[in-house]
Amino acid sequence: MPPLLAVDLAPGAKNSLVLRNPVMPASGTFSWGLEFARHFDVNALGAVVSKGVTMVARQGNPQPRVAETPAGMLNSIGLQNIGIKKCISEMAPIWARWDVPVIVNIAGDTPEEFGEMARMLDGVPGVAALELNISCPNVDIGGIEIGQNVEAAGRAVRSAVRNTDLPVIVKLTPNITDPVGLAVACEREGAAAICAINTVLGLAIDTRRRAPVLPRARGGLSGPAIKPIALRIVYDVARAVRIPVIGCGGISSGEDAVEFLMAGATAVQVGTATFANPRAPLDVLEGLARWLEERGIADVNEIIGCALPEPVA
Ligand code: SIN
């Protein structure tokens, strides 16, 4: 018997977010999903996550925007995107015809702008949930600045939750001393789920030019290099909150996904692996299903959080 794979990412929320399986792409690595839909059936995934969308269209940062590193890559895209109005008028109608929930990643300049964007997306056919990007390290306004401040992050979540019935997921930055405290604050303000983690701040030097490779010097590190950091944060956050956690960071195989689920994640996102292998999310899903089947585990929910310590009574 193939294992049961369905997971619930927003139990008790007004609009539920039950996924047919726990594997989805990470924001920014799957564009709007349309390009990938030409290569495989995206409906096989648990969800699709859009690239980050802002209130107004953006050109992004100057080139080069990526730098390869051992076991990963640095990016500094700067949230290049078509803006929320075009996202609603051009992308959502396509998503509405898909049989897979689409989670829209939104990036406000201010905590209050998250509320305005949530209101604009509320009730739009084709949009199943929102992922608040309070963790982009590559912009001057908003992004990580909000995600590194508990009060600002709480206001962004409150503002979004008040303006939509869609489940609100919050994507955390690892570039903070206490991600657990931030996750708890987001839960208190009504977040339906936490996604951990966005990229880790890093730097690469071009020795020939004697200067940083990326024009803004710093970039966000992703890929296998950050997997242990992501796992540790998922493990810590999952013990502190009651809402589901989505694991993200260096996942490229079914066994990686199993580790995150055991550490307390209810679902996983596959990011950087997709650049080398566009089918990576599907490969992770197939690897996960095989792993469960080979061990006679009937339901993926049986392993979620199984590596967490017993709560102290
Ligand atoms: C970027 O657009 O620079 C990356 C997005 C992110 O890290 O959230």
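Q: How many disulfides does a search of the whole structure find?
A: Let's start with what counts: two cysteine sulfur atoms must lie within 2.5 Å of each other to make a disulfide. This is a predicted model, and the whole of it was searched for such pairs. The number of disulfides found is zero.

Q: How far is C87 from the nearest cysteine sulfur?
A: C87 takes part in no disulfide. The nearest cysteine sulfur is that of C136. The distance to it is 17 Å.

Q: Is C87 buried or exposed?
A: A residue is called buried when its relative accessible area is under 20%. For C87, the relative accessibility is 0%. Therefore C87 counts as buried.

Q: Which cysteine has the sulfur nearest to C248?
A: C248 is also a buried residue, because its relative accessibility is 8%. Like C87, C248 is in no disulfide. The nearest cysteine sulfur is 5.0 Å away, and it belongs to C195.

Q: How many charged residues are in the shell around the ligand?
A: Now let's turn to the ligand. Its surroundings include N75, L79, P137 and N198. The shell divides into four nonpolar residues and five polar ones. That leaves the charged group, and its count is no residues.

Q: Which residue has a side-chain N or O atom 2.8 Å from an oxygen atom of the ligand?
A: Some polar atoms close to the ligand belong to the backbone: one of I77 is 3.1 Å from a ligand oxygen, and one of G78 is 2.8 Å from a ligand oxygen. The side-chain atom at 2.8 Å belongs to N133.

Q: What percentage of the ligand's accessible area does the protein cover?
A: The ligand takes up the space of the largest pocket. On its own, the ligand has 260 Å² of accessible area. The share of this covered by the protein is 86%.

Definitions and conventions
Residues numbered from 1 in each chain as written. Predicted model: local features only at pLDDT ≥ 70, side-chain atom pairs only at ≥ 80, totals over all residues. Heavy atoms only, no water. Near = heavy atom within 4 Å. Polar contact = N/O pair within 3.5 Å; in protein donor to acceptor, adjacent residues only side chain to side chain. Areas by Shrake-Rupley, 256 points an atom, 1.4 Å probe, with all protein chains shown as cover. 1 Å grid on protein atoms, 1.4 Å probe; cavity = no way out; pocket = protein on both sides within 12 Å on 5 of 7 lines; lining within 4 Å. Sits in = over half its atoms within 2 Å of the grid points. Nonpolar A, V, L, I, M, F, W, Y, C, P; charged D, E, K, R; others polar. Buried < 20%, exposed > 50% of the residue type's maximum accessible area, 1.4 Å probe, protein only.
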